[in-house]
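User: Please take a close look at one part of this structure, the question of disulfides, and then follow the packing outwards from there. I would like one connected account.

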Amino acid sequence: MSDIIYGKRKDDNRIISIDEVPVNMKGLLCNCVCAHCGKDLQACSLEGKVSRYFRHHNENQKDIECDCNSNCNPTIANETALHKMAKQIIADEKRVIIPGKSISLSEAGVNDLPEEIKNSIPCYESHEAKLLCAESVELEKRLESFSPDILLKTKKGELLVEIFVSHQVDDNKKIKAREYGSAML
């Protein structure tokens, strides 16, 4: 992806798609910054000769349609924006869908059963996808030695949520979540 297609509005810090920018708000009138580096963005090609996109603003730029050189990689800018947008959506909606999952005996750590018993049990635990509604949502909440992207608090307990756009949760964070005692999605 070579174009920036998400920006952060200055007035409310919400992530928006270039498609949400009205045609009459081209250039700096879009009032957006890059979600990754925080520099001003210009809304380009809003009237449709080519696909709409954001571009970093160059102070020395005279013509709104000329390219500017920025050190911010558009792919990283879009990934950062998607990560923030996912957190924004979950915080707004206060709900998340827990995907269905079947866990094998070996995944559950049960390895000392005789083969005939292991083979007769297809899975240790299985559940279908379900909607989890939260009473409260906290973003980047510091918990002991780590900060999950999202902390959902429900009547039954807490769920930690990590948003995966391009970098999965590392083993260290998984261990810290287990030690904390909450499930992590």
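Analyst: **Cysteines, cores and the sheet**

The cysteine sulfur closest to that of Cys 72 belongs to Cys 34, and at 3.6 Å the pair is too far apart for a bond. The model is a predicted one, and the cut-off applied to a disulfide is a sulfur pair within 2.5 Å. Cys 72 is nevertheless buried, with a relative accessibility of 9%.

A similar reading applies to Cys 30. Its closest cysteine sulfur is that of Cys 32, at 4.2 Å, which is again too far for a bond. Across the whole structure, the search finds zero disulfides.

Where, then, does Cys 30 sit, buried or exposed? Cys 30 has a relative accessible area of 7% and therefore counts as buried, the limit being under 20%. Beyond its neighbours within four places in sequence, Cys 30 is in contact with Val 21, Met 25, Leu 41, Gln 42, Ala 43 and Phe 54. Several of these names recur in the largest nonpolar core, which has 13 residues; those touching the most other members are Ile 18, Val 21, Cys 30, Cys 32, Leu 41, Ala 43 and Phe 54. Strands β3 (27-33) and β4 (40-44) each supply at least two residues of this core.

Another core, of 10 residues, lies apart from it and includes Ile 90, Val 96, Leu 159 and Ile 163.

The account now turns to the sheet. Four strands, in the order β10-β11-β12-β13, make up an open sheet with mixed pairing. Its edges are β10 (136-139) and β13 (183-184), each of which pairs on one side only. Helix α1 (residues 74-93) packs on this sheet and touches β10, β11 and β12, with its direction at about 155° to that of β10. Within the sheet, β11 (residues 150-154) and β12 (residues 157-161) run antiparallel and are joined by five bridges; one of the pairings links Ile 150 to Val 161 in β12.

Finally, Ser 182 lies in the loop between α3 (171-180) and β13. Its relative accessibility is 15%, so Ser 182 counts as buried. Not counting residues up to four places away in sequence, Ser 182 touches Glu 158, Leu 160 and Ala 177. With Glu 158 there is also a polar contact, side chain to side chain, at 3.3 Å.

Methods: Residues are numbered from 1 along each chain as its sequence is written. This is a predicted model: local features need pLDDT of at least 70, side-chain atom pairs count only at pLDDT 80 or more; totals for chains, interfaces and linings use all residues. Side-chain values use heavy atoms; hydrogens and water are left out. Two strands pair if DSSP finds at least two bridges between them. Contact means heavy atoms within 4.5 Å. Axes are lines fitted to C-alpha atoms, for helices over the stretch in contact, and angles run from 0 to 180 degrees between N-to-C directions. A nonpolar core is a set of buried Ala, Val, Leu, Ile, Met, Phe, Trp, Tyr and Cys residues joined through side-chain atoms within 4.5 Å. Buried means under 20% relative accessible area, exposed over 50%, partly exposed in between (1.4 Å probe, protein chains only). A polar contact is a pair of N or O atoms within 3.5 Å; within protein, one must be able to donate a hydrogen and the other to accept it, and residues adjacent in sequence count only if both atoms are side-chain atoms.
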